[in-house]
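Please open the structure in a viewer and keep the selection tool at hand. The stops below are meant to be followed in order.

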Amino acid sequence: MFTIVGLALWGFAGFDRLPAWEGWRIFDGFARGAHGWWLTPDTGGFAGNSLRPLEVLPHQVGYALSADSFIGFNIVSMAAFIVRGTAAYGLVRELLPGCRPVALGASLVFALSPAADGLMLDRTIHVQWATALAIASLAVLLVAIRRDQRRFAVIAAALMPASLLMYEAALPVALIAPAFFVLWATKRRVAVKMCCIYGIGIALALGYSLWTRLGANSSYQASIATTQRPMFDHDGVAAIVSALKWELGGSIKRTLLNDLPMQRPDISAHTMMVAVAIAALCAVVLGFIATGEWRGGASGRSLIGVAFLGTVWLVASLAIFLPFTPYRQETLRAHSVAQFGAVLIAAVVVRWVIDRIQAWGVVLLTIGVLLVALVAVQNAAMWKHWSDFQSQMISALDIQSRQSTAQTVVIRDNTDRLSHIYESGPSALYLGVAADLAASAHKRDLIVCNTSGVTAVGFAQMGPCTWTADELVVKPLPGYPDADYRVQRSAILDLTLHAGDQIQLRPTDGALSATPVAVRWDRLQRFLPCVLGEACADSAVQFDLPTAPFRADFVRQYSYEDVPTRGIPVEDFGPIQKNGPSWRWTTSPDAAVFGQLEQGRYEIRAHVLSSAVSGGEDQATISLNGLRLETRRESDDAGGVTLIAIGSVGAQSPTADRIGIFGPVSAQSGDGSPGVGLAIEWIAVRIVPAG
């Protein structure tokens, strides 16, 4: 079952899908000779992760499977899905025996990771494997207790340390669950004996981590520890409530009310088809199993006990993350283990229903699997979309790079795509690594200048780009000790990424040929699912330009995506501000979003929360393709203003229609950051009916 569902999901997204963020860094490390079989403080490239010596082991296995593509990474990721689901099935089966449909349905929901967006993401492969090993360890431990067989306890004692040395998210439940097993056991002496054997493995793992920490100069965990904040102040309580809401259905609500309606219709239809197919398969299997084995209803004691374990599991697993600021709004890793607690609570409810009305219980399970499958397939569609964008961007960079021998490549990002899809540092990293894959491309320094005022220099983040007559100067961000980065203009290949419905990476001065050449080169061809000029099934070309009606909400999704809904391209907007409602500052007097509008009349609305310049809302106007429109204003009770204008698009309109927001912008700040103007919460476009 899990293999079939895994093949459906990974087949939908593509086994050649490109990675995001750390995946490129890890791959680059392997390509340069670093190894990831066992990390130590002396391991080149990964020394800062030595407290997790097995952290990049899954990536190392993937690289060993396929060093000339990312297919290996995706195979290892799918394998984690299969093992995680199988282990969850075994544990739920032991906790709630006698009802296989509940065990299968609950394990499917857990494996599809509704609360953890990193299901198919390369940067969380180790998290998925660590979770799978932890669940498997506890399932095997429970078998050891019930059968009084030491060999199972030894296996559990080996699996849990492997999980903790890969990622420590399961540490709270690694300690709490065995205590519950002892209290719940009918043969407590046997349970204590088996848990003692199991505990030896945890002690060895913790002892090794402590010993390594004493010898390490720095570690990732030490840097995260500096971000600890109070848990029970206003922000802490808000983070707790937000995390619990997310676990108990928030991710499903987002998919149904936000992600799916905002997708391109054919992509939404494709998503629905795959999700329904998965749910239909599961419904058939669940119904078949429900007519088979049946050993009577569960006792009230067992239901209450499992519900209690699920609650403690959920709270304890979140508690290890929520004290630290970077994880309070994080949905890729913080919920990886915690969601099993929520699944246990749901399983108890469904089991209670099944014990009374069997058919209704199977219906509930099927609906649950369908909703969770929608979340998983929606995530798969997003990862594929971003992979296609990367492929075409890498192809465009390679086309231009081959026409120059300049040591430094500078990309002026006028679209915010590079800056806010993977943040500025990773965008330069993946482009730089990919450039090295082309056999004829020599090693280059890559810089991405963007409108937010944060420049990517390799993997480092620095201040805004400043151009003089002779050189490019990039100053460090405030509070960072880095020196200025300077490079002569004569040594730069200067490229500009233009806004539009295609990847348009052109020389800034127009000196080089800008004609796309749809050819795959050398080793590069084995890495890219598609290249510029080729059709990608869900390519950024089609996915990024919305057609009316649409609404661009400036929200933060997938923990690090600072883009409007659907990845709508924007120009001259600052990064997301999330303090109450989400918004973005305009950073020039003429900021814009882009769409693809048919000939006709349109009503354009923009909601302004506030202005950095006194009276800026009263001066703001809307434009369409460079033409300023007569704009009226409607105030709301919260102090915001909605700008409203009517404009027309003719038959000869550009391929990418520009919806602009004119308004004053404050002066540049002392640290070199751009000035800001209007705080825009959303921009909406709808068709005005004829007549």
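Begin by selecting S623 and R628: in this predicted model, R628 of strand 18 is the bridge partner of S623. Extend the selection to strand 17 (residues 621-624) and strand 18, which run antiparallel and are joined by 2 bridges.

Next, display the sheet to which these strands belong. It is an open sheet of 5 strands in the order 12-15-21-17-18, with antiparallel pairing. Colour strand 12 (570-571) and strand 18 (627-628) separately; these are the edge strands, each of which pairs on one side only.

Now move to strand 20 (residues 641-649). Is this strand enclosed or open to the outside? Strand 20 is largely enclosed by the rest of the structure, because 7 of its 9 residues are buried, that is, under 20% relative accessible area.

Select L643 within strand 20 and add A606, whose bridge partner it is. Showing strand 16 (residues 600-611) beside strand 20 reveals an antiparallel pair joined by 9 bridges. Then add R633, which also has L643 as its bridge partner. Here the pairing is between strand 19 (residues 631-635) and strand 20, again antiparallel, with 5 bridges.

Keep A606 and L643 selected and add A548 and F550: these residues are included in a second, separate nonpolar core of 26 residues.

For the largest nonpolar core, select L9, L91, L95, F181, W313 and F340. Of its 123 residues, these touch the most other members. Then highlight helix 6 (residues 125-147), which contributes the largest share of this core, 16 residues. Centre the view on F340 and show its surroundings. Leaving aside residues up to four places away in sequence, F340 touches A88, L91, V92, F110, I135 and W313.

The final stop is a pair of helices. Select helix 1 (residues 2-13) and helix 4 (residues 71-95), whose axes come within 9 Å and cross at roughly 145°. The crossing is right-handed. To see the contact, show the side of helix 1 formed by F2, T3, V5, G6, L7 and W10. On helix 4, show N74, S77, M78, F81, I82, G85, T86 and Y89. Which classes of residue make up the contact of helix 1 with helix 4? Colouring by class gives 8 nonpolar and 6 polar residues, with no charged residues.

Technical notes
Residues are numbered from 1 along each chain as its sequence is written. This is a predicted model: local features need pLDDT of at least 70, side-chain atom pairs count only at pLDDT 80 or more; totals for chains, interfaces and linings use all residues. Side-chain values use heavy atoms; hydrogens and water are left out. Axes are lines fitted to C-alpha atoms, for helices over the stretch in contact, and angles run from 0 to 180 degrees between N-to-C directions. Helices (H or I, at least four residues) and strands (E, at least two) are DSSP runs, numbered from the N terminus. A crossing is left-handed if the near helix is turned anticlockwise from the far one by less than a right angle, and right-handed if clockwise. Contact means heavy atoms within 4.5 Å. Ala, Val, Leu, Ile, Met, Phe, Trp, Tyr, Cys and Pro count as nonpolar, Asp, Glu, Lys and Arg as charged, and the others, Gly among them, as polar. Buried means under 20% relative accessible area, exposed over 50%, partly exposed in between (1.4 Å probe, protein chains only). Two strands pair if DSSP finds at least two bridges between them. A nonpolar core is a set of buried Ala, Val, Leu, Ile, Met, Phe, Trp, Tyr and Cys residues joined through side-chain atoms within 4.5 Å.
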